[in-house]
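Hi,

Here is the structure I promised to pass on. Have a look at it first, and my notes follow underneath.

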Amino acid sequence: MKYKIFKKIIENILNHLEIEYAEMFDESKNPVGVRARQLLYYLCNKRGMGVVEIQGYMNKEGHAVNSHSTIVYGIDHIKKALSEDSDLNIITLQLQEIED
């Protein structure tokens, strides 16, 4: 239902971090890709998407998330980072802007 929003958030993150799609979804523990995915989970959750919905969209993109805990951890990690980094608050506000 919110797949277009999911895709737009990906686009916003890629543009902001100046990375390629493949880097964001690389299965390695590349810190930039990991942070990008965590931002995606957090921002989608802020837009009212639940963990199962996010997982479904990730699968649709060809990037299976095998555990709900991965998404929950990513959301919680960004929430914690927001409490410690005021710049991240500004960045997440910008990233969640969706234009039609």
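Which residue follows α1, and what is its phi? Glu18 comes right after α1, and its phi is positive, near 55°. Glu18 is a residue other than glycine, and it is found in the loop between α1 and α2. Glu18 is also exposed, with a relative accessible area of 72% (exposed means over 50% relative accessible area, buried under 20%, partly exposed in between, with a 1.4 Å probe and protein chains only).

Before going further, a word on where this comes from. This is a predicted model, in which local features need pLDDT of at least 70 and side-chain atom pairs count only at pLDDT 80 or more, while totals for chains, interfaces and linings use all residues. Residues are numbered from 1 along each chain as its sequence is written, and side-chain values use heavy atoms, with hydrogens and water left out.

Now the helices (DSSP runs of H or I, at least four residues, numbered from the N terminus). Helix α1 covers residues 3-17 and reaches 21 Å from its first C-alpha to its last, close to the 21 Å expected at 1.5 Å a residue (the expected span is 1.5 Å times one less than the number of residues). Its buried residues include Tyr3, Phe6 and Leu14, and the buried residues of α1 pack against α2, α3, α4 and α6 (contact means heavy atoms within 4.5 Å).

Helix α3 has 16 residues that should span 22 Å, and its end C-alpha atoms are 22 Å apart, which agrees. Among its buried residues are Gly33, Arg37, Tyr41 and Cys44. They pack against α1, α2, α4, α5 and α6.

In α6, Leu88, Thr92 and Leu95 are buried. Seen down the axis of α6, these fall within an arc of 60°, so they line one face of the helix (the arc is that of the directions from the helix axis to the C-beta atoms). Ser86 and Leu93, on the other side of α6, are exposed. The cover over the buried residues of α6 includes α1, α3 and α5.

Last, α4 and α5: their axes come within 10 Å and cross at roughly 110° (axes are lines fitted to C-alpha atoms over the stretch in contact, with angles from 0 to 180 degrees between N-to-C directions). The two helices are therefore roughly perpendicular to each other (65 to 115 degrees). Val51, Val52, Ile54 and Gln55 in α4 meet His68, Ile71 and Val72 in α5.

Cheers

Technical notes
Parallel < 35°, antiparallel > 145°, perpendicular 65-115°, else oblique.
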